[in-house]
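Reader: I would like a close look at one part of this model. Please start with a single helix and what covers it, then work outward to its surroundings.

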Amino acid sequence: MGSRPNLCSGRVFYGLISVCEPPRGAGAEMTKVESLASPSIHAEERAREADHPSSPVAKFGPDRPLKLDCGIDLSPFQIAYQTYGKLNADRSNAILVFHALTGDQHAANIHPVTGKPGWWETMIGPGRPLDTDRYFVICSNVIGGCMGSTGPASTNPATGKLWGLDFPIITIPDMVRAQTMLIDRLGIETLFCVVGGSMGGMQALQWTAAYPERVFSALAVACSTRHSAQNIAFHELGRQAVMADPDWHHGRYFEQGTHPHRGLGVARMAAHITYLSDAALHRKFGRRMQDRDLPTFSFDADFQVESYLRHQGSSFVERFDANSYLYLTRAMDYFDIAADHDGVLARAFRGIKTRFCVVSFTSDWLFPTSESRALVHALNASNARVSFAEIETDRGHDAFLLDVPEFFDISRAFLQSAGTARGLTRAGG
Amino acid sequence: MTMQQQVLPLSGDAPRNSENYRSDHLLVAGMVERGSKVLDVGCGDGDLLQLLESRGIDGRGIELSREGVNRCVAKGLAVVQGDADTDLVNYPDDAFDYVILSQTLQATRQPRTVLENLLRIGRRAIVSFPNFGFWRMRLQLLIGGHMPRTENLPATWYDTPNIHFCTIKDFVQLCDEINVKMERAVALDLYGRPLRLNAPWWFWNMFGEQGVFLLSRAEKTK
């Protein structure tokens, strides 16, 4: 299975490898033990973005609290967001895009902290599937995130200190409830489409289940209506890694001038393996050595795959807050649409008019096709208009972020067809 | 090769010249009332669904092959990957005005169960299938002594997906058995032209290359 020629160049994904020199074992000591590369060079920028993002912000005062599932009213709070394209006169061409676990609102612009292109540049832009000449694309940072929407890395106005673990536990429905307030603020009654992959797909599905009349169409990619036991287990592994780091200081690391970069890095390394596939790892790295011909007989990163993972871990901690990682993984764990509807998924979508397109990838073992199929069965039972495509690729869960032409074709056609049904003209009017 | 070229005409665009459509598709589409809701089981590349949507019909599809599904979805059609034998049970009763099974019945494992499901999900069903009683089929078996193969059914016996061939006569018998009402029946000749309406069944069974049936639930008699 693994050696099938790949349709797509590894441009986006493996670009990281070619652009950034992976960390090397320093020197030739035989017993060199290299932990993850340390301090976050972007710490200050990251802290500033959490309260004062460089993107637009919608602020909600004491009169507009966010009612959280845990029973707490969060107030005041803010949502940081980006928009691309123009809202038409009918306000009928708005697409809300949701980011995944470690993404943010910078979907199609240069990231203010890392300086890298947006995480979905391949999907969003003029002539792209989410065509900004035609649609008004909005992407907001989720509540609990660390790029400008209120979360554990934000300042708690009641204390003047960062929230840390005092921040209430949030859920996917909480994120979506906050997004409805943002959409209200932007003066949009009905969204033309909600689009997201992974945790973003969960938000898209939550929108359709909770606010079906406000969503004309939904594109849910590599996701599920509930987080599986295995996925919860992986998240717990990541959280424990963060909390086991002595630099975590029970979530008050910012007051100690530290950041649990080792724990968060390990969490990211473990998670990153789940985003790939055995076949993709084998194809790209195999058992090849990193800048050496022979084993060093040490715990240095002899193998390319080790070097790659370490790089993934250390580059992630530079841009992401450790506490935020705890909160967002928790939100995914709690997600279960059927549980909110007497355990019957189809009830969540009863009588729904929203047009759905569900996409999965053959090699995605984190959100396997069987999960998408269960969703599709529930939508069929609810008489919903649904398209479902499983795309063959060996690139695992991350395929939704990569250059997979078949995925682009399907997304484009789904939106065009929905646009025709919605009466959108080519110019977006 | 550009993506633009791959996007085919969608509902609302100018319908294609009807000569581009297969004659059995045109016949099937002619049986469907405008504005109705249709499920096409085994929709292949979605040609029939596109024809239906161009006529203002709300069409959905199920297709077994992943390639077929993805081509349909890339045309903007509401198609899901699924198996007529196992996935029809997921649809609620009376979900559609019509359920179409075009050239697929002979490839199902349980044709009878599938047929019953069609008329549970839809108020009406339209079924078309190749007639194994067609004279050329009979001749190949009688004279040639081998399993028949035609331009429309070129697969050899050992790799054909068609495991349940039947004749028009067989199908009519099954409909009687499971209490299905035949509202309309048409037999098409080798060139896709309807045979004479007033011809007797044996004539259709001999000279019809395929049969197209519009079915509905018979009144419960007992």
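Author: Start at helix α4 of chain B, in what is a predicted model. The cover over the buried residues of α4(B) comes from both chains. Chain A brings in β13 (355-361), β14 and α12, among others. From chain B itself, the cover includes α3 (47-54), β2 (58-63) and β3 (78-81).

Which residues of α4(B) are buried? The helix spans residues 66-73, and its buried residues are V69(B), N70(B), R71(B), C72(B) and V73(B).

One of these leads further in. V73(B) is among the residues with the most contacts inside the largest nonpolar core, which has 170 residues. V99(B) is another such residue from chain B. Chain A is represented on that list by I95(A), V97(A), V137(A), L191(A) and C193(A). Helix α9 of chain A, residues 322-334, gives the most to this core, with 7 residues.

Take V137(A) next. Beyond its neighbours within four places in sequence, V137(A) is in contact with I95(A) and V97(A), two names from the core list. Its other contacts of this kind are T83(A), Y84(A), G85(A), I124(A), L130(A) and T132(A).

Now back to the chain boundary. Two of the chain A elements over α4(B), β14 and α12, also belong to the side of chain A that touches chain B. In all, 24 residues of chain A are in contact with 23 residues of chain B. On the chain A side, α11 (369-381), β14 (385-391) and α12 (405-422) each supply at least two residues. The most comes from α12(A), with 10 residues. By type, the residues on this side of chain A are 11 nonpolar, 7 polar and 6 charged.

Chain A as a whole has 12 helices and 14 strands. It has 429 residues, and 53% of them count as buried. Sequence separation is worth a look too. Of the chain A contacts between residues at least 6 apart in sequence, 73% join residues at least 24 apart.

Finally, a helix pair within chain A. Helices α5 (residues 229-244) and α6 (residues 261-275) pack at an angle of about 165°, with axes 7 Å apart. That angle is why α5(A) counts as roughly antiparallel to α6(A). The crossing is right-handed. From α5(A), the contact includes F234(A), L237(A) and A241(A); from α6(A), it includes L264(A), A267(A) and A271(A). The residues of this contact divide into 11 nonpolar and 3 polar, with no charged ones.

Technical notes. Residues are numbered from 1 along each chain as its sequence is written. Chains are lettered from A and ligands numbered from 1 in the order in which they are written. This is a predicted model: local features need pLDDT of at least 70, side-chain atom pairs count only at pLDDT 80 or more; totals for chains, interfaces and linings use all residues. Two residues are in contact if their C-beta atoms, placed from the backbone, lie within 7 Å. Helices (H or I, at least four residues) and strands (E, at least two) are DSSP runs, numbered from the N terminus. Ala, Val, Leu, Ile, Met, Phe, Trp, Tyr, Cys and Pro count as nonpolar, Asp, Glu, Lys and Arg as charged, and the others, Gly among them, as polar. A residue is buried if 20 or more other C-beta atoms lie within 10 Å of its own, exposed if 12 or fewer, and partly exposed in between; C-beta atoms are placed from the backbone. A nonpolar core is a set of buried Ala, Val, Leu, Ile, Met, Phe, Trp, Tyr and Cys residues joined through C-beta atoms within 7 Å. Axes are lines fitted to C-alpha atoms, for helices over the stretch in contact, and angles run from 0 to 180 degrees between N-to-C directions. Angles under 35 degrees count as roughly parallel, over 145 as roughly antiparallel, 65 to 115 as roughly perpendicular and the rest as oblique. A crossing is left-handed if the near helix is turned anticlockwise from the far one by less than a right angle, and right-handed if clockwise.
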